Amino acid sequence: MTTELENYQTSVLNAFLNKEGKLKNIPSQKKKKFVVLEYLVRKLENETYSELQINQFIKQYHEDFCTIRREFIVNGYMDRNAGFYKKREESLWVKWQELK
């Protein structure tokens with residue numbers, strides 16, 4: 001990753017995360033939102049989660065777990081099947097670095 005992209009990523013995360021690492025709010029701008037979503041998905045340690053487990057994970061970072069969970073699915077970071085959430089391969093993720 002180029003330094004410019006790293007600086008952008010760092011500035012977005014600094015703007016949207018508080019000192020405790022919790023999300024202040026969900027960015028409305030697509031590129032910034034994808035930076036935050038990718039950051040959160042990278043923190044997932046397992047490949048598959050029940051709905052309760054993914055909700056509990058997201059609640060560590062933001063109260064609106066429904067929106068963030070939906071964003072994970074809609075934007076291709078996770079797949080949902082029969083109530084279980086599976087992290088997709090990173091090569092399938094939307095690349096915020098490629099957005100303008």
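Three strands make an open sheet, ordered β1-β3-β2, with antiparallel pairing. Strands here are DSSP runs (E, at least two residues), helices are runs of H or I of at least four, and both are numbered from the N terminus. Two strands count as paired if DSSP finds at least two bridges between them. β1 (48-50) and β2 stand at the edges with a single partner strand each, so one side of each has no neighbour in the sheet. From one strand to the next, the twist averages 25 degrees.

The model is predicted: local features need pLDDT of at least 70, side-chain atom pairs count only at pLDDT 80 or more, and totals for chains, interfaces and linings use all residues. Residues are numbered from 1 along each chain as its sequence is written, and side-chain values use heavy atoms, with hydrogens and water left out.

Stay with the sheet. β2 and β3 pair in the antiparallel sense over four bridges. Asp-79 has Lys-86 in β3 as its bridge partner. Helix α3 packs on the sheet and touches β1, β2 and β3. Its direction makes about 95 degrees with that of β1. Such angles run from 0 to 180 degrees between N-to-C directions, with axes as lines fitted to C-alpha atoms, for helices over the stretch in contact. Touching, or contact, means heavy atoms within 4.5 Å.

Now take helix α4, residues 65-74. Which of its residues are buried? They are Thr-67, Ile-68, Arg-69, Glu-71 and Phe-72. Buried means under 20% relative accessible area, exposed means over 50%, and partly exposed lies in between (1.4 Å probe, protein chains only). The cover over these residues includes α2 (30-42), α3 (51-59), β2 (78-81) and β3 (84-87). After α4 comes Gly-76, with a positive phi near 80 degrees.

Helix α2 contributes two leucines to this picture. Leu-37 is found in α2. At 3% relative accessibility, Leu-37 is buried. Leaving out residues up to four places away in sequence, Leu-37 touches Ile-68, Glu-71, Phe-72, Asn-75 and Tyr-77. Leu-37 and Phe-72 are 35 residues apart in sequence, yet their C-alpha atoms are 7.0 Å apart. Leu-40 also lies in α2. Leu-40 is buried, with a relative accessible area of 2%. With the same sequence neighbours left out, Leu-40 touches Phe-57, Tyr-61, Ile-68 and Phe-72. The C-alpha atoms of Leu-40 and Tyr-61 are separated by 8.3 Å, with the two positions 21 residues apart along the chain.

Two of those contacts lead to the aromatic residues. The structure holds four aromatic pairs. Rings of Phe, Tyr and Trp (its six-membered ring) pair if their centres lie within 6.5 Å; planes under 30 degrees apart are stacked, over 60 edge-to-face, and the rest tilted. Why is the pair of Phe-57 and Tyr-61 tilted? The ring centres are 5.3 Å apart and the planes stand at 55 degrees, so the pair falls in that class. Phe-57 and Tyr-61 are both buried. Elsewhere, Phe-34, Tyr-77 and Trp-93 form one aromatic cluster. Tyr-8 has a charge over its ring: the charged end of Lys-31 sits 4.6 Å from the ring centre. The criterion is NZ of Lys or CZ of Arg within 6 Å of the ring centre and within 35 degrees of the ring normal.

Charged side chains also meet each other. How many salt bridges does a search of the whole structure find? It finds five. Each is a side-chain nitrogen of Lys or Arg within 4 Å of a carboxyl oxygen of Asp or Glu. One joins Glu-90 and Arg-42, at 2.7 Å from N to O. This pair links distant parts of the chain: Glu-90 is in the segment after β3, Arg-42 is in helix α2, and 48 residues separate them. Glu-90 is partly exposed at 41% relative accessible area, and Arg-42 is partly exposed at 42%.

Another salt bridge joins Arg-69 and Glu-51, at 3.5 Å from N to O. Here helix α4 is linked to helix α3, across 18 residues of chain. Arg-69 counts as buried at 13% relative accessibility, whereas Glu-51 is partly exposed at 35%.

Back at the sheet, Asp-79 forms a salt bridge with Arg-88, the closest N and O atoms being 3.5 Å apart. Salt bridges with shared partners also join Glu-38, Arg-42 and Glu-90 into one network.
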